[in-house]
Amino acid sequence: AGTMLRALYVTPRGDAFVDLSAAISQEHPGGSTAELLTVYTVVNAITVNLPAIQRVQILVDGKSVDTIAGHVDVRRPLQKNDTVIQNSK
């Protein structure tokens, strides 16, 4: 809650840098599953809806961070992760 998109940058290589406000960490409920879902909600939403983007790097307040809530390494660009998507079939 309260997380704002500060900026979105796309490189010619197809990497996106998504700059989110500090609320992404400060207001996060914690836990490894919740963090995994948070990270890949962002990554998957961008890579699925913008096919030219292959990987997503999450920034917080314009800076690279190790993790959002202590469990998922976000120090480098991440690719789409289909394993966190529920199949509706």
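Which residue forms a salt bridge with R6, the closest N and O atoms being 3.1 Å apart? The partner is D19. This report starts from that pair and then follows the strands around it. The model is predicted.

## Salt bridges

Side chains of opposite charge can pair when their charged atoms come close. The structure holds seven salt bridges. Three of them are set out here.

| Salt bridge | Closest N and O atoms |
|---|---|
| R6 and D19 | 3.1 Å |
| R6 and D61 | 3.8 Å |
| R55 and D15 | 2.8 Å |

Take the pair of R6 and D19. R6 sits in strand 1, while D19 sits in strand 2, which covers residues 15-20. The two are 13 residues apart in sequence, so their pairing ties those parts together. How covered is each partner? R6 is partly exposed, at a relative accessible area of 48%. D19 counts as buried, with 3% relative accessibility. Buried means under 20% relative accessible area, so the 3% of D19 falls in that class.

R6 also forms a salt bridge with D61. D61 lies in the loop between strand 3 (55-60) and strand 4 (63-64). R6 is in strand 1, so this pair ties together parts that are 55 residues apart in sequence. D61 counts as partly exposed, at 36% relative accessibility. R6, D19 and D61 are thus linked in a network of salt bridges.

The pair of R55 and D15 has its closest N and O atoms 2.8 Å apart. R55 belongs to strand 3 and D15 to strand 2, so the pair ties together parts 40 residues apart in sequence. R55 is partly exposed, with a relative accessible area of 23%. D15 is buried, with a value of 7%.

## Strand 3 and its partners

Why is strand 3 described as largely enclosed by the rest of the structure? Five of its six residues are buried, so the rest of the structure largely encloses it.

Strand 3 pairs with strand 2, and the two run parallel. Six bridges join them. In this pairing, F17 stands opposite Q57 of strand 3. The salt bridge of R55 and D15 also links strand 3 with strand 2.

Strand 5 is another partner, made of residues 78-79. Strand 3 and strand 5 pair in the antiparallel sense, over two bridges. Here V56 stands opposite L78 in strand 5.

Strand 4 also pairs with strand 3. These strands run antiparallel and are joined by two bridges. The bridge partner of L59 is S64, in strand 4.

Strand 3 and strand 4 form a hairpin with two residues between the strands. In this hairpin, D61 takes a positive phi near 50 degrees. D61 is also the residue that forms a salt bridge with R6.

## A nonpolar patch

Back to strand 1. This strand covers residues 5-10, and L8 has its place there. Is L8 buried or partly exposed? L8 is partly exposed, with a relative accessible area of 39%. Patches are made of residues with over 30% relative accessible area, so the 39% of L8 clears that cut-off. L8 joins L5, V10 and L50 in making a nonpolar surface patch. The patch covers about 360 Å².

Note on methods:
Residues numbered from 1 in each chain as written. Predicted model: local features only at pLDDT ≥ 70, side-chain atom pairs only at ≥ 80, totals over all residues. Heavy atoms only, no water. Patch = residues over 30% accessible without salt bridge, like charges linked within 9 Å, V, L, I, M, F, W, Y side chains within 5 Å. Areas by Shrake-Rupley, 256 points an atom, 1.4 Å probe, with all protein chains shown as cover. Salt bridge = Lys/Arg side-chain N within 4 Å of Asp/Glu carboxyl O. Helix = DSSP H or I, 4+ residues; strand = E, 2+ residues; numbered from the N terminus. Buried < 20%, exposed > 50% of the residue type's maximum accessible area, 1.4 Å probe, protein only. Pairing = 2+ DSSP bridges.
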